Amino acid sequence: MQRRGTSISRGKFLKMMGAAGVAGSTLSVLSCQPNTSATGGGGGSGGGPEEKELALYNWSDYVAGSTIPGFQKETGIKVTQDFFASNEDLLGKLQAGATGYDVIVPSDYMVAIMVKSDVIQKLDKSKIPNIKNVGENYMGLSYDPNNEYSLPYQWGTTGILYNKKEVGKLDSSWDAMWDKQFEGKMAMLADSRETIGAALYKLGYSVNSKNQDQLQEAEAELKKQQPLLRGYFASTEVRPLVMNGDILLGHVYSGDAFLAMSENEDLDYLIPNPRATRWTDNMSIPNGAPHPDNANKFINYILDAKVGAALSNYTYYNTPNEASLPDIDPALKDLPGYTLASDIFERLEVIEDVGKTTREYERIFTEVKSA
Ligand code: N2P
């Protein structure tokens with residue numbers, strides 16, 4: 001399919017960037033390094049007008065080519081972007097004292113953890129009139145019931161991107177990711193909740209299990225799987241591995257699957273049974289953000305109908321912006337698994353904050369990775 005009429009294609013943009021920033025580690029592709037600058041000099045908290053700057057801390061490959069230039073053009077605010085590879089990395093960075101960021105993009109359960117840990121601040125909704133564009137299914141979710149701290153950015157699912165030509169059509173379970181015949185040809189996400197989640201799903205349990213016996217079983221499953229894997233990677237790293245045939249099956253977020261499928265027709269995306277994850281990523285403002293006013297403006301800009309459509313037409317993720325829907329690329333809407341049938345939607349789980357059990361999830365993932 002012809003990709004992305006609205007702006008430069010994601011593939012081309014990546015090439016232009018020399019693929020910088022896709023590795024998922026924290027790295028500045030633009031000039032500033034907000035985490036070390038600690039300016040705080042924007043007058044954001046009650047002083048004079050803010051500097052015309054905004055520091056975005058985002059997942060890699062998660063803005064359209066037009067997103068940041070469009071905002072700069074409209075507001076004169078210069079945006080710099082750093083990248084994190086998982087929600088846990090993002091939280092760790094903020095808890096370690098990173099103070100330079102204005103907008104961050106945590107997923108569902110991480111918003112709840114961040115509110116509880118007092119690392120994000122309330123939004124100024126008087127500055128976000130485009131809130132009216134957000135579909136009601138994406139407002140008032142349990143992790144932030146009144147959207148005091150977060151507004152949705154993109155949503156999607158997590159499943160298996162695989163080479164249908166090489167492995168044949170998969171049955172619909174998670175079992176393929178444990179199949180010895182694919183030894184060395186599989187990768188899982190470097191994402192503790194998603195990867196432990198896949199093991200829990202395989203066993204028929206919930207991704208939010210707090211049951212010690214179930215978690216122990218999941219740990220055993222992951223230890224069985226680990227020697228069969230190429231490794232644990234960011235989704236943006238799994239995508240090219242599957243696309244170029246280096247591996248045959250990869251645990252990915254849906255947008256990476258759809259992008260790969262649109263460029264290689266041997267590939268397919270499976271949302272396994274009995275359950276898989278549906279996630280929503282959100283925009284929030286950290287405490288101590290140097291430019292909160294600019295941050296509220298940026299959030300409002302993203303929730304514009306056209307900006308939201310260009311974003312999803314680039315990322316290949318779903319939009320929570322109902323006003324953007326008419327402008328979503330029809331070919332994208334037609335990809336299997338992009339527009340979710342209600343029977344699939346109903347078997348998807350949302351990852352929740354598991355409270356004290358979070359430490360157990362972290363312990364399991366650390367041990368599994370080094371087993
Ligand atoms: C974008 C990653 C999407 C994050 N590259 C999934 N929560």
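Colleague: Why is K164 called partly exposed?

Modeller: Keep in mind that this is a predicted model. K164 has a relative accessible area of 32%. Partly exposed is the class between under 20% and over 50%, so K164 gets that label.

Colleague: And what makes K164 and D268 a salt bridge?

Modeller: The closest N and O atoms of the two are 3.8 Å apart. The cut-off is within 4 Å, so the pair counts. It links distant parts of the chain, with K164 in helix α6 (residues 164–167) and D268 in strand β9 (residues 267–270), 104 residues apart.

Colleague: Is D268 buried or exposed, and why?

Modeller: Buried, because D268 has 7% relative accessibility and buried means under 20%.

Colleague: How many salt bridges does a search of the whole structure find?

Modeller: The search turns up 17. One of them joins the side chains of K116 and D353, at 2.7 Å from N to O.

Colleague: Why do you say that the K116 and D353 pair ties parts together?

Modeller: K116 belongs to helix α5 (residues 108–116), while D353 sits in the loop between β12 and α15 (358–370), so the pair ties together parts that are 237 residues apart in sequence.

Colleague: Why do K116 and D353 count as exposed and partly exposed?

Modeller: K116 has 56% relative accessibility, and exposed means over 50%, so K116 counts as exposed. D353 comes in at 22%. That value falls between the 20% and 50% limits, so D353 is partly exposed.

Colleague: What makes E367 and R363 a salt bridge, and where do they lie?

Modeller: Their closest N and O atoms are 2.9 Å apart, which is within 4 Å, so the pair counts as a salt bridge. Both residues lie in helix α15, four residues apart, or about one turn of the helix. Salt bridges that share partners also join E219, K223, E360, R363 and E367 into one network.

Colleague: How do you know that R347 has no salt bridge?

Modeller: For R347, the nearest side chain of opposite charge is D343, 6.1 Å away. A salt bridge has to be within 4 Å, so this one does not qualify. R347 is buried all the same, in the loop between α14 (342–346) and β12 (348–349).

Colleague: What does the side chain of R347 reach, then?

Modeller: Backbone oxygens: that of I271 at 2.9 Å and that of P272 at 2.7 Å. Polar contacts have to be within 3.5 Å, so both distances meet that cut-off. Leaving aside neighbours within four places in sequence, the contacts of R347 include N273, P274, R275 and A276.

Colleague: Why is I77 called buried?

Modeller: I77 has 1% relative accessibility, and under 20% is buried, so the label fits. I77 is found in the loop between α3 (67–75) and β2 (78–84). Its contacts, setting aside neighbours within four places in sequence, are K52, E53, L54, F71, Q72, N294 and K297. The C-alpha atoms of I77 and E53 are separated by 5.1 Å, though the two are 24 residues apart along the chain.

Colleague: Which residues surround the ligand?

Modeller: W59, S60, Y62, S107, T236, Y253, W279, D281 and Y317. The protein covers 97% of the 260 Å² of accessible area that the ligand has on its own.

Colleague: What makes S60 and D281 polar contacts of the ligand?

Modeller: A backbone N or O atom of S60 lies 2.8 Å from a ligand nitrogen atom, and a polar side-chain atom of D281 lies 3.1 Å from a nitrogen atom of the ligand. The cut-off is within 3.5 Å, so both count.

Methods. Residues are numbered from 1 along each chain as its sequence is written. This is a predicted model: local features need pLDDT of at least 70, side-chain atom pairs count only at pLDDT 80 or more; totals for chains, interfaces and linings use all residues. Side-chain values use heavy atoms; hydrogens and water are left out. Helices (H or I, at least four residues) and strands (E, at least two) are DSSP runs, numbered from the N terminus. Buried means under 20% relative accessible area, exposed over 50%, partly exposed in between (1.4 Å probe, protein chains only). Contact means heavy atoms within 4.5 Å. Lys and Arg count as positive and Asp and Glu as negative; His and the chain ends are not counted. A polar contact is a pair of N or O atoms within 3.5 Å; within protein, one must be able to donate a hydrogen and the other to accept it, and residues adjacent in sequence count only if both atoms are side-chain atoms. A residue is near a molecule or strand if one of its heavy atoms lies within 4 Å of it. Accessible areas come from the Shrake-Rupley method with a 1.4 Å probe; for residues, only the protein chains shown count as cover.
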